[in-house]
Amino acid sequence: MKKLLSVGLSVLLMTLCITACSTPKENNKPAKQKPAESSAPAAAGKQDKEAKKATKDIKGKTVVFVPKLTGNAFFESANAGAQKFAKEQGFTVDYQGSANASVADQVQVINNAIATGADAICVSSVDVTGLDAALKEAKEKGITVVTWDSDVTPSSRTLMVSQGTPEILGKMLVEMGADSLKKRGKDAKKKIKYCWHYSQATVADQNSWQVAGEEYIKKNYPEWENVAPGNYYSEQDAEKAVSIGASILEAHPDIDLIICNDSTALPGQCKAAQNAKKTKKDITITGFASPNSIKDYCKADIIEQWGLWDCQVQGALGCYMAAYLAAGNEVKLGDKLTVPGIGEIEIKPNDCLTPGAKTEAKNHGVVLLPERVVFNKSNVDKYNF
């Protein structure tokens with residue numbers, strides 16, 4: 001992290017409010033902010049000092065960082081990024097979770113955070129409404145609640161640090177599949193048999209990507225046929241992901257494409273294909289997972305390409321925003337903030353993710369990660385998470 005916190009946060013009070021939720025371009029770098037023009041350098045210097053003085057220090061704050069489940073490459077990588085960032089910035093990340101993707105287990109972690117007096121909670125929810133009551137209790141006790149990766153009801157938290165809008169990610173999943181089909185000689189504009197394999201319908205993020213992906217398919221690939229409209233779910237269980245993956249191949253021997261919008265389902269589906277002695281020439285598999293969890297399948301020619309975002313950055317940013325608000329700092333819709341070593345982020349309205357969702361006047365909204373990445377054999381060794 002090269003930028004000092006005090007310098008990065010001084011930008012907050014010097015920026016313009018933008019209320020529209022725009023869709024970022026894939027892999028765009030965060031725009032550099034131009035310094036405000038001024039004919040009075042002394043006045044600008046005074047304003048800068050006031051901004052620095054207004055920023056409250058996050059040092060010493062403790063954020064309870066909650067994954068959907070422990071032991072999963074995505075969440076362990078996010079924790080590694082959060083721990084490194086927190087150490088550099090002077091606050092504490094307490095990683096607490098369960099090996100099971102369970103509402104009850106996450107509620108227990110939240111209750112423990114309340115009992116021990118944590119300053120903030122940053123959670124990836126396994127269910128869109130299942131944690132609401134526990135998180136509202138945490139807020140009533142003065143604990144700041146931020147979500148990352150997978151959201152809850154917006155009224156139950158302050159900010160959501162999201163990997164992208166459903167439209168961005170749904171399109172990305174479908175286009176990775178379409179491009180992989182083309183690479184194996186299939187005409188993606190003709191009839192393609194496909195299905196979705198992910199964790200469960202109650203996981204807000206994955207379900208929203210599937211819904212948006214279906215809308216994108218209807219508009220751009222109308223000849224495609226979903227052979228399992230009810231979807232396949234493996235509940236973020238590694239062994240079940242393999243068995244469900246095998247059942248898909250058995251039930252639909254002529255299937256062309258399987259989209260796995262879940263970091264447990266994708267390696268499980270790849271393993272099932274490998275067990276069935278199928279390669280990327282026989283079937284197209286794509287989805288979201290960390291590069292390290294899929295690298296071996298890629299090099300074994302089981303999968304052509306898959307994608308993700310930098311979960312280490314997402315973990316760091318989620319915990320940073322939790323500590324930042326817990327320290328007493330405030331943000332409002334349209335505010336821009338330069339986060340040390342990450343770049344510029346903007347507070348966007350909740351309806352970026354949930355149509356019709358309202359956004360409160362302060363400390364409420366969505367922060368989008370600036371980038372997403374497509375991995376393949378040519379670039380996967382450049383990443384280590």
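Me: Why does Phe375 count as buried?

Reply: Buried means under 20% relative accessible area, exposed means over 50%, and partly exposed is in between (1.4 Å probe, protein chains only). Phe375 has 0% relative accessibility, so Phe375 counts as buried.

Me: Where do these values come from?

Reply: This is a predicted model, where local features need pLDDT of at least 70 and side-chain atom pairs count only at pLDDT 80 or more, while totals for chains, interfaces and linings use all residues. Residues are numbered from 1 along each chain as its sequence is written, and side-chain values use heavy atoms, with hydrogens and water left out.

Me: What makes Phe375 and Tyr383 an edge-to-face pair?

Reply: Rings of Phe, Tyr and Trp (its six-membered ring) pair if their centres lie within 6.5 Å; planes under 30 degrees apart count as stacked, over 60 as edge-to-face and the rest as tilted. For Phe375 and Tyr383, the centres are 5.1 Å apart and the planes sit at 80°, so both tests are passed. Tyr383 is partly exposed, though, with a relative accessible area of 26%.

Me: How do you know which name fits the pair of Phe74 and Trp309?

Reply: Same recipe: a pair of aromatic rings is described by the distance of the centres and the angle of the planes. Here the centres are 6.1 Å apart and the planes are at 80°, so this pair is edge-to-face. Phe74 belongs to helix 3 (residues 73-89), while Trp309 is in the loop between strand 11 (306-308) and helix 11 (311-326), 235 residues apart. Helices (H or I, at least four residues) and strands (E, at least two) are DSSP runs, numbered from the N terminus. Phe74 is buried at 2% relative accessible area, and Trp309 counts as buried at 2% too.

Me: How many aromatic pairs does the structure hold, and which residues do ring pairs link into a cluster?

Reply: There are 20 aromatic pairs. The cluster is made of Phe65, Phe74, Phe75, Tyr95, Trp148, Trp209, Phe288 and Trp309.

Me: Why is the contact between Lys68 and Asp149 called a salt bridge?

Reply: A salt bridge is a side-chain nitrogen of Lys or Arg within 4 Å of a carboxyl oxygen of Asp or Glu. The closest N and O atoms of Lys68 and Asp149 are 2.6 Å apart, so the pair qualifies. Lys68 is in the loop between strand 1 (62-66) and helix 3, and Asp149 is in the loop between strand 4 and strand 5 (159-162), 81 residues apart. Lys68 counts as buried at 2%, and Asp149 is buried at 3%. By this rule the count comes to 18 salt bridges.

Me: What makes Lys240 partly exposed?

Reply: Its relative accessibility is 29%, which is between the two limits, so Lys240 counts as partly exposed. Glu235 is partly exposed as well, at 44%, and forms a salt bridge with Lys240 at 3.2 Å.

Me: How do you know that Lys189 sits over the ring of Tyr221?

Reply: A charge sits over a ring if NZ of Lys or CZ of Arg is within 6 Å of the ring centre and within 35 degrees of the ring normal. The charged end of Lys189 is 4.6 Å from the centre of the Tyr221 ring, so the distance part of the rule is met.

Me: Why is Thr144 called buried?

Reply: Its relative accessible area is 12%, so Thr144 falls under the limit. Thr144 is found in strand 4 (residues 144-148). Among the residues that Thr144 touches are Asp119, Ile121 and Leu325, where contact means heavy atoms within 4.5 Å.

Me: What makes the span of helix 7 close to the expected one?

Reply: The expected span is 1.5 Å times one less than the number of residues. Helix 7 (residues 204-220) has 17 residues and reaches 24 Å from first C-alpha to last, close to the expected 24 Å. Its buried residues include Trp209 and Tyr216, and what covers the buried residues includes helix 6 (166-183).

Me: What is the average pLDDT of the protein?

Reply: pLDDT is the predictor's confidence in each residue, from 0 to 100. The average is 89, and 86% of the residues score at least 70. Over residues 1-53, however, the pLDDT is below 50. Where pLDDT is low, the predicted coordinates should not be read in detail.

How values were computed. Lists of a residue's contacts leave out its neighbours within four places in sequence.
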